[in-house]
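Look at the fold below and follow the chain from one end to the other. The paragraphs after it start with the whole chain and then turn to a few of its parts.

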Amino acid sequence: MRLGALALLLCASTTAWADGTSTGIAADRLRFGLGPSVLAGAEGAETTRSGNVNMLLSFDYLNRPIQLRSVANGAVVSTPVRHQLVGNLGWEIGLPRRFAIQLSLPVALWNAGDRLRYSGVTGDDATTGLHAGTGDLLLGIKVALLGHPEEPGMHVAFALDGTAPLGGDHDFAATGSLTIAPRLMIDYRLPWFTIVLDAQVRFAGRRTLFGTSFGDELDITGGVVGKLASFRRSHLVAYVEAAGVVASGASTRSAELRGALRLATPHADVDVGAGGGLDDAIATPRYRLFAVVRVPLDRRGK
């Protein structure tokens with residue numbers, strides 16, 4: 001785990017800024033939840049216990065998240081991003097009074113595609129290919145408002161997240177501006193399964209690419225997680241979630257379905273899952289494969 005974290009940090013620190021026009025769009029919309037009660041992107045209301053730290057390491061492969069099609073016949077004109085492998089490091093630090101600080105950094109470790117070729121752009125941008133790139137650095141504060149963490153029933157939390165691009169906005173790895181997102185997390189816990197709803201309003205600078213305007217949006221993710229089997233102190237868990245984006249342009253309203261199996265042990269939680277787009281909106285992958293490891297760095301509160 002330490003070697004993987006170090007490798008990802010080294011990659012992030014040595015990623016070069018690509019030449020040419022900023023694309024301003026992150027091909028991977030999925031930001032894995034950092035709290036102790038999460039699905040993939042949907043995050044429950046529970047926060048890390050005060051004095052404890054949860055660390056996340058994830059790898060997410062996306063197939064054809066951005067394609068351009070002809071309006072006349074629907075034929076593919078260009079594939080700005082054909083393949084992308086994103087690694088992500090994240091932490092949630094528990095504070096008193098059920099507050100927590102969240103920090104994460106994604107890195108596009110492998111990027112392949114046409115970038116801006118065949119899209120009507122001329123000059124150097126028409127020949128510049130994709131590079132690896134550092135994504136949006138996220139810093140957020142979260143607070144649990146309702147519900148006891150060890151009791152069933154309704155739980156509610158609120159968070160305020162901010163992001164800043166670190167260079168990958170030239171290669172579909174980051175947003176082209178600072179963003180701020182107030183977020184509401186609701187979960188309803190029953191003995192064998194939990195229903196989770198995570199909604200955020202994301203305020204971002206307006207930018208235009210491929211004749212499409214990008215800006216503020218409403219991101220909604222919801223799903224169900226439940227135990228399949230238990231043995232000793234470990235559990236086999238499954239979850240499914242749906243994610244959608246409400247935005248002004250039809251081509252930016254993405255929808256995706258994801259699911260995974262999780263092995264939850266006292267020492268780490270390991271997820272292996274997949275997902276796929278339900279439409280052809282920009283930044284909706286044809287399919288994705290992901291693996292996530294979450295480790296409590298202080299196991300006294302686990």
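The secondary structure consists of one helix and 15 strands. The model is a predicted one. Of the chain's 302 residues, 51% are buried. Among contacts with a separation of 6 or more, 62% are between residues 24 or more positions apart. The accessible surface is about 13800 Å², and carbon and sulfur atoms make up 63% of that area.

Next, the nonpolar cores. The largest has 14 residues, and the members that touch the most others are Phe32, Leu39, Tyr239 and Phe290. Two strands, β12 (234-246) and β15 (287-296), each give two or more residues to this core. Beyond its neighbours within four places in sequence, Phe32 is in contact with several residues, among them Ala40, Leu56, Phe290 and Val292. A second core, separate from this one, holds eleven residues, including Ile25, Leu116, Phe172 and Phe214.

Strand β8, residues 193-204, shows an alternating pattern. Which of its side chains are buried? Thr194, Val196, Asp198, Gln200, Arg202 and Ala204 point to one face and are buried. Phe193, Ile195, Leu197, Ala199, Val201 and Phe203 point to the other face and are not buried. In soluble globular proteins, by contrast, nonpolar side chains tend to be buried together.

Strand β8 also has two partners. It pairs with β7 (residues 179-189) in the antiparallel sense over nine bridges, and a hairpin of three residues joins β7 to β8. In this pairing, Asp187 stands opposite Val196 of β8. The other partner is β11 (residues 217-231), which runs antiparallel to β8 and is joined to it by ten bridges. Here Phe193 stands opposite Gly226 in β11.

Definitions and conventions: Residues are numbered from 1 along each chain as its sequence is written. This is a predicted model: local features need pLDDT of at least 70, side-chain atom pairs count only at pLDDT 80 or more; totals for chains, interfaces and linings use all residues. Side-chain values use heavy atoms; hydrogens and water are left out. Helices (H or I, at least four residues) and strands (E, at least two) are DSSP runs, numbered from the N terminus. Buried means under 20% relative accessible area, exposed over 50%, partly exposed in between (1.4 Å probe, protein chains only). Contact means heavy atoms within 4.5 Å. Accessible areas come from the Shrake-Rupley method with a 1.4 Å probe; for residues, only the protein chains shown count as cover. A nonpolar core is a set of buried Ala, Val, Leu, Ile, Met, Phe, Trp, Tyr and Cys residues joined through side-chain atoms within 4.5 Å. Two strands pair if DSSP finds at least two bridges between them.
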